[in-house]
Amino acid sequence: MIKDSTLHILNGQAMYDFFNRTNFLQGEMMIPFNEAMCFGDTSDELFTCEFVEKRAKVHHVSPEQYTEITINPLQPLFTKGFTHIELWFDEDMFCQINILTILAWLDKNGHSKPIDIHIVGEKFEPFEKYTLTATGYYDVFIQVMMHKTLPEWIYPAPIKKGVELYLTYLHEDSNLMLYIKKHQNMSEKELVYALLENFKGYGLGDVQYLEIIREKRSK
C-alpha cells in the first residue's frame with residue numbers, strides 16, 4: 001500500500017494526452033481507461049480473461065491487442081494499492097457507463113475510501129465534482145450491464161442519466177434509431193457526421209455509429 005497516494009483515471013487516450021500536454025495534474029499518476037463500455041457485450045468478471053475475450057470481439061481486435069490498448073494502462077489500478085482514486089470523465093452516456101464499470105471493479109475489490117468524480121466539458125475543463133464510495137456499484141453494474149434493468153437507486157445524477165440512455169438507445173423507438181430510420185437515403189459518412197453533431201449526449205464515436213447504422217440498415 002502506497003501511503004496517501006492518488007491515482008487519476010481519465011476517460012480515454014485523448015484526455016490523457018491533453019492533460020499531459022497542458023501539464024494538468026502535473027506530477028500526479030494518471031492512467032487512461034480506453035474503452036466504450038456502453039457498446040457491445042460484456043462480462044461481470046471485470047478485467048479477467050473472459051472479459052478481455054468478449055470485449056476484444058466487440059472491438060474487432062485480438063485479445064492481445066485489447067490487452068495492450070485497454071488492460072495494460074490500468075495496471076497501476078490493479079497492482080499499486082492507491083489510497084485515493086479520482087475519476088475524470090465527460091457527462092455523456094459513453095463516459096458515465098465507463099465510470100460505472102470502474103466503480104463496480106473498485107466495489108468488488110473492496111476499495112472503501114472516498115472517490116472523487118470530476119465531470120469535465122468538451123475541452124476537458126472540470127465543472128462539477130461528486131464524492132462517493134464504491135459500495136453498491138457492482139450490484140448496479142450487474143443490474144444495468146448484464147440484466148439491462150434500471151436500478152431503484154443510482155447516484156450521482158450524471159450516472160443515472162447515462163444509465164437511462166444506455167438502457168434505451170438501441171430500442172427501435174429511441175430518438176437515435178428513429179433518426180437513422182428517417183434518414184435512410186443519407187450516405188453512411190453523412191449520417192455518421194449528423195449523429196455526432198445531433199446526439200452528443202450519447203458520446204458515441206464514429207466507429208460505434210457506423211456499426212449501429214449498418215446493423216439497422218441490414219435488417
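Trainee: In this predicted model, why is the crossing of helix 8 and helix 10 called right-handed?

Mentor: A crossing is right-handed if the near helix is turned clockwise from the far one by less than a right angle, and the crossing of helix 8 and helix 10 is classed as right-handed. The axes of helix 8 (residues 175–182) and helix 10 (residues 206–217) cross at roughly 60 degrees and come within 11 Å.

Trainee: Which residues meet where helix 8 and helix 10 are in contact?

Mentor: From helix 8, Leu176, Met177, Ile180 and Lys181 meet Tyr209, Ile212, Ile213 and Lys216 of helix 10. Sorted by class, this contact has 6 nonpolar residues, 2 charged residues and no polar ones.

Trainee: What makes the pair of Phe19 and Trp88 edge-to-face?

Mentor: The structure holds 17 aromatic pairs. For Phe19 and Trp88 the ring centres are 5.8 Å apart and the planes stand at 90 degrees; since rings pair within 6.5 Å and planes over 60 degrees apart count as edge-to-face, the pair of Phe19 and Trp88 is edge-to-face. Phe19 belongs to helix 1 (residues 13–21) and Trp88 to strand 3 (residues 84–90), so the pair ties together parts that are 69 residues apart in sequence.

Trainee: How do you know whether Phe19 is buried or exposed?

Mentor: Buried means under 20% relative accessible area, and Phe19 has 1%, so Phe19 is buried. Trp88, at 5%, therefore counts as buried by that cut-off.

Trainee: Why is the pair of Phe78 and Trp105 called tilted?

Mentor: The planes of Phe78 and Trp105 are at 55 degrees, with the ring centres 5.3 Å apart; because this angle is neither under 30 degrees, as stacked would require, nor over 60, as edge-to-face would require, the pair is tilted. Phe78 lies in helix 4 (residues 75–79) and Trp105 in helix 5 (residues 93–108), so this pair links parts that are 27 residues apart in sequence. Ring pairs also join Phe78 and Trp105 with Phe33, Phe47, Phe51 and Tyr66 into a cluster.

Trainee: Why does Phe78 count as partly exposed?

Mentor: Phe78 has 26% relative accessibility, and partly exposed lies between under 20% and over 50%, so Phe78 counts as partly exposed. Trp105, at 13%, counts as buried.

Trainee: What is stated about the phi of Asn23?

Mentor: Asn23 has a positive phi of about 60 degrees although it is not a glycine. Asn23 sits in the loop between helix 1 and strand 2 (29–32), and with a relative accessible area of 46% Asn23 is partly exposed.

Terms used
Residues are numbered from 1 along each chain as its sequence is written. This is a predicted model: local features need pLDDT of at least 70, side-chain atom pairs count only at pLDDT 80 or more; totals for chains, interfaces and linings use all residues. Side-chain values use heavy atoms; hydrogens and water are left out. Axes are lines fitted to C-alpha atoms, for helices over the stretch in contact, and angles run from 0 to 180 degrees between N-to-C directions. Helices (H or I, at least four residues) and strands (E, at least two) are DSSP runs, numbered from the N terminus. Contact means heavy atoms within 4.5 Å. Ala, Val, Leu, Ile, Met, Phe, Trp, Tyr, Cys and Pro count as nonpolar, Asp, Glu, Lys and Arg as charged, and the others, Gly among them, as polar. Rings of Phe, Tyr and Trp (its six-membered ring) pair if their centres lie within 6.5 Å; planes under 30 degrees apart count as stacked, over 60 as edge-to-face and the rest as tilted. Buried means under 20% relative accessible area, exposed over 50%, partly exposed in between (1.4 Å probe, protein chains only).
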